[in-house]
Amino acid sequence: MIPKTHPRYESLLLRDKIKNAFKEGYLADSGMIAHGRGETFDYLIGEKTTETAKKACEAAVANLFLAKNPVLSVNGNTTALAIDEIINLAKATDSKIEINLFYRTEERVNIITEMFKERGWDEILGTNDEKLEYINNLNSPRATASKDGSYTSDVMLVPLEDGDRAEVLVENGKKIIAIDLNPVSRTAKMSTITIVDNIVRAVPLMTKIAKEFKEKGLDKNTEFLENISNNFSNEENLKDSLAAIKLK
Ligand code: PTJ
């Protein structure tokens, strides 16, 4: 039991989620290492969403609204930290959700599938029941792709990935939105839009932005959305994210 008064309460809660997900069998053992790496970068940016990350979130939402087939990809860490938030984002942006695991096992896929179904999200893609396609030039189990989802998607959200898929997906003509606390990771550099923020803050912020756009009728305003998208430079945004890292 973590006391609410603990100065590191929020951070310890996230660790608990990660530990429990591992015990429940759906988080990869490497997922704990990945979380530790994320924690370090989160510490360095002050554990809050920067203005730079907000800009990236806006560009990401604009692209999800512009997409013909937007897909939110989920792995073990994303499910552990933000399953409800991902479902909310999918609803707010009419996106599909697809399971994609680097350390893919039948058991992990089944557990994650059930978790989404328990929350009322039955149309989860990338499950063991589906006949999956494979993305060319990707030599890992991450190559699996649902025909209705990532295989044909034009805009994809790929949170907390290792460095092999984003680049290949971009080469395949897709717009890739990464959420990665490490602004110098391969995924961050290779993606179309990288949100340098913790997934637990970035996804709810994206949903908030999507709802605000919708309230103002801007979700269908192609000119407005394209303007946001065209004014976004991932290279510049990553430079600003690096500058936000404080070493004292
Ligand atoms: O569930 P699987 O089998 O698909 O495996 C998933 C992991 C995360 C184990 C796999 O993709 C992996 O090994 O990833 P990496 O190479 O450790 O990269 C994960 C990236 O996510 C790192 O750059 C971390 O800094 C970043 N990261 C970790 N936690 C968070 C994060 N970014 C945003 N929010 C976080 N909470």
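This passage walks through the helices, cores, aromatic pairs and loops of a predicted model.

A good place to begin is helix α1, which covers residues 9–23. Its 15 residues reach 21 Å from the first C-alpha to the last, close to the 21 Å expected at 1.5 Å a residue. Several residues of α1 are buried, namely Y9, S11, L14, I18 and A21. An α-helix has 3.6 residues a turn, so residues three or four places apart point the same way. The buried residues of α1 pack against three other helices: α2 (29–44), α4 and α8. After α1 comes G25, with a positive phi near 95 degrees.

Helix α4, one of those packing partners of α1, tells another story. It holds 18 residues, 76–93, yet its end C-alpha atoms are only 22 Å apart. A straight helix would reach 26 Å at 1.5 Å a residue. Where does α4 have its kink? The kink is centred on A82 and amounts to about 90 degrees. Most of α4 is covered, with 14 of its 18 residues buried. The N-terminal end of α4 is capped by N75, which places a side-chain oxygen 3.3 Å from the backbone nitrogen of N77.

Just after α4 comes D94, in the loop that leads from α4 to β2 (96–99). The phi of D94 is near 50 degrees, a positive value in a residue other than glycine. D94 counts as exposed because its relative accessibility, 62%, is over the 50% mark. Another positive phi, of about 65 degrees, belongs to N137, which is not a glycine either. N137 is found in the loop between β3 and β4, and its relative accessibility of 64% makes it exposed.

The interior comes next. The largest nonpolar core has 53 residues. The residues with the most contacts inside this core are I97, F116, L157, I177, I195, M206 and F213. For I177, the contacts beyond its neighbours within four places in sequence are A60, L64, V155, M156, L157, V158, I193 and I195. Two of these partners, L157 and I195, are themselves on the list of residues with the most contacts in the core. Apart from the largest core lies another, of 12 residues, which includes V71, L138, A166 and I176.

Aromatic rings add a further layer, and the structure holds three aromatic pairs. In one of them, F102 and Y103 meet edge-to-face, with 4.7 Å between the ring centres and 90 degrees between the planes. Both members are partly exposed: F102 has a relative accessible area of 23%, and Y103 is at 42% relative accessibility. F213 and F224 also form an edge-to-face pair, at 5.2 Å centre to centre and 80 degrees between the planes. Which parts of the chain does the pair of F213 and F224 tie together? F213 lies in helix α8 (residues 199–215) and F224 in helix α9 (residues 222–230), so the pair links parts that are 11 residues apart in sequence. F213 is buried, with a relative accessible area of 7%, whereas F224 is partly exposed at 27%. Ring pairs also bring in F65, which forms a cluster with F213 and F224.

Two buried loop residues complete the picture. A143 sits in the loop between β3 (133–134) and β4 (144–145). Is A143 buried or exposed? With a relative accessible area of 3%, A143 is buried. Leaving aside neighbours within four places in sequence, the contacts of A143 are E133, Y134, I135 and L138. L138 is also among the residues of the 12-residue core. L101, 42 residues away from A143 along the chain, has its C-alpha atom 9.0 Å from that of A143.

E161 lies in the loop between β5 (155–159) and α6 (165–171). E161 is buried because its relative accessible area of 10% is under the 20% limit. Its side chain makes a polar contact of 3.4 Å with that of R142, and another of 2.5 Å with the side chain of R165. Not counting residues up to four places away in sequence, E161 touches S73, R142, D180 and T187. R142 thus appears both as a polar partner of E161 and in this set of contacts.

Notes: Residues are numbered from 1 along each chain as its sequence is written. This is a predicted model: local features need pLDDT of at least 70, side-chain atom pairs count only at pLDDT 80 or more; totals for chains, interfaces and linings use all residues. Side-chain values use heavy atoms; hydrogens and water are left out. Rings of Phe, Tyr and Trp (its six-membered ring) pair if their centres lie within 6.5 Å; planes under 30 degrees apart count as stacked, over 60 as edge-to-face and the rest as tilted. Buried means under 20% relative accessible area, exposed over 50%, partly exposed in between (1.4 Å probe, protein chains only). Helices (H or I, at least four residues) and strands (E, at least two) are DSSP runs, numbered from the N terminus. Contact means heavy atoms within 4.5 Å. The expected span of a helix is 1.5 Å times one less than its number of residues. The bend at a residue is the angle between axes fitted to the seven residues ending there and the seven starting there. A polar contact is a pair of N or O atoms within 3.5 Å; within protein, one must be able to donate a hydrogen and the other to accept it, and residues adjacent in sequence count only if both atoms are side-chain atoms. A nonpolar core is a set of buried Ala, Val, Leu, Ile, Met, Phe, Trp, Tyr and Cys residues joined through side-chain atoms within 4.5 Å.
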